[in-house]
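Please look over the sequence and the model before reading on. The paragraphs that follow lead through a few parts of it, beginning with paired charges and going on to helices and a loop.

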Amino acid sequence: MSAAHEFKPLSLCVLTVSDTRTADNDTSGDYLSDALRDAGHRLHERAIVRDDKYAMRALVSRWIADAEVDGIIVTGGTGFTGRDSTPEALLPLLDKRMDGFGELFRAISFEEIGTSTLQSRAFAGLANATFLFAMPGSTSACRTGWDKIIAAQLDARTRPCNLANLKPRLKE
């Protein structure tokens with residue numbers, strides 16, 4: 001087995017965006033934290049931030065600036081209510097958008113929830129060589145995003161290509 005085919009654990013942060021979730025009832029954050037650890041990655045930090053674009057931007061900016069952080073997974077705030085502001089808060093921080101993530105997320109979600117998926121503004125991108133994925137706040141949406149997209153792309157063994165193997169080349 002070559003080095004390119006070996007698992008490379010990444011250091012990931014999990015952010016829950018919510019005005020109502022707490023450490024006691026954050027099932028989406030719990031799922032993502034457990035799933036990334038079960039996959040062999042490290043949980044660098046986890047937080048819950050109210051649906052406020054400046055609070056989100058401040059925390060995510062700190063994580064993006066931290067050379068130890070390889071990726072950030074955000075759950076919540078991607079809908080259409082007045083308080084949903086995750087895209088408005090975080091898209092300006094991205095150096096490059098990963099449009100395929102949102103497109104694929106909605107395609108997979110359509111099979112699960114039908115046309116309700118059009119309410120999702122899930123997105124992903126790259127900022128300072130740090131991957132950022134943002135999904136709806138429901139635990140089932142987090143399960144869809146992690147199990148069907150993110151886990152494979154953060155695994156260096158996924159073929160024909162994956163994001164994990166791009167990590168060393170992101171600042172070229």
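A salt bridge, as the term is used here, is a side-chain nitrogen of Lys or Arg within 4 Å of a carboxyl oxygen of Asp or Glu. The model is a predicted one, and by this rule it holds 12 salt bridges. One of them joins the side chains of R97 and D99, with 3.3 Å from N to O; R97 is exposed at a relative accessible area of 52%, while D99, at 44%, counts as partly exposed. Another is formed by the side chains of R169 and E172, again given as N to O, at 3.3 Å, and here both residues are exposed. Salt bridges can also be linked to one another, and in this model R21, D26, D30 and R46 make up such a network.

A further salt bridge leads into the helix α1, where the side chains of D34 and R37 meet at 3.4 Å, N to O. Why can these two residues be found together? Side chains of opposite charge can pair when their charged atoms come close. In an α-helix there are 3.6 residues a turn, so residues three or four places apart point the same way. D34 and R37 are three residues apart in α1, and therefore about one helical turn separates them. D34 is partly exposed, with a relative accessible area of 41%, and R37 is partly exposed as well, at 42%.

Helix α1 itself runs over residues 27-38, and its 12 residues reach 16 Å from the first C-alpha to the last, close to the 16 Å expected at 1.5 Å a residue. Whereas D34 and R37 are partly exposed, the buried residues of α1 are S28, G29, Y31, L32, S33, A35 and L36. These buried residues pack against the strands β1 (11-17), β2 (42-49), β3 (71-75) and β6 (130-135), and also against the helix α5 (139-153). Just after α1 comes G40, which takes a positive phi of about 105 degrees.

In the loop between α1 and β2 lies H41. Is H41 buried or exposed? With a relative accessibility of 5%, H41 counts as buried, because buried means under 20%. The side chain of H41 reaches the backbone nitrogen of L10 at 2.9 Å. Apart from neighbours within four places in sequence, the residues in contact with H41 are F7, K8, P9, L10, L12, L36, W146 and L154. Of these, L36 has already been named among the buried residues of α1.

The next helix to consider is α2, residues 53-65, whose 13 residues should span 18 Å at 1.5 Å a residue, and whose end C-alpha atoms are indeed 18 Å apart. At its N-terminal end α2 is capped by D52, a side-chain oxygen of which lies 3.0 Å from the backbone nitrogen of Y54. Which residues of α2 are buried? They are A55, M56, L59, V60, W63 and I64. Because they cover an arc of only 160 degrees around the axis, they lie on the same side of α2. Y54, A58 and A65, by contrast, are exposed on the other side of the helix. The buried residues of α2 pack against β1, β2, β3 and β6, and also against α3 (86-90) and β5 (123-127).

Technical notes: Residues are numbered from 1 along each chain as its sequence is written. This is a predicted model: local features need pLDDT of at least 70, side-chain atom pairs count only at pLDDT 80 or more; totals for chains, interfaces and linings use all residues. Side-chain values use heavy atoms; hydrogens and water are left out. Helices (H or I, at least four residues) and strands (E, at least two) are DSSP runs, numbered from the N terminus. The expected span of a helix is 1.5 Å times one less than its number of residues. Buried means under 20% relative accessible area, exposed over 50%, partly exposed in between (1.4 Å probe, protein chains only). Contact means heavy atoms within 4.5 Å. The arc is that of the directions from the helix axis to the C-beta atoms. A polar contact is a pair of N or O atoms within 3.5 Å; within protein, one must be able to donate a hydrogen and the other to accept it, and residues adjacent in sequence count only if both atoms are side-chain atoms.
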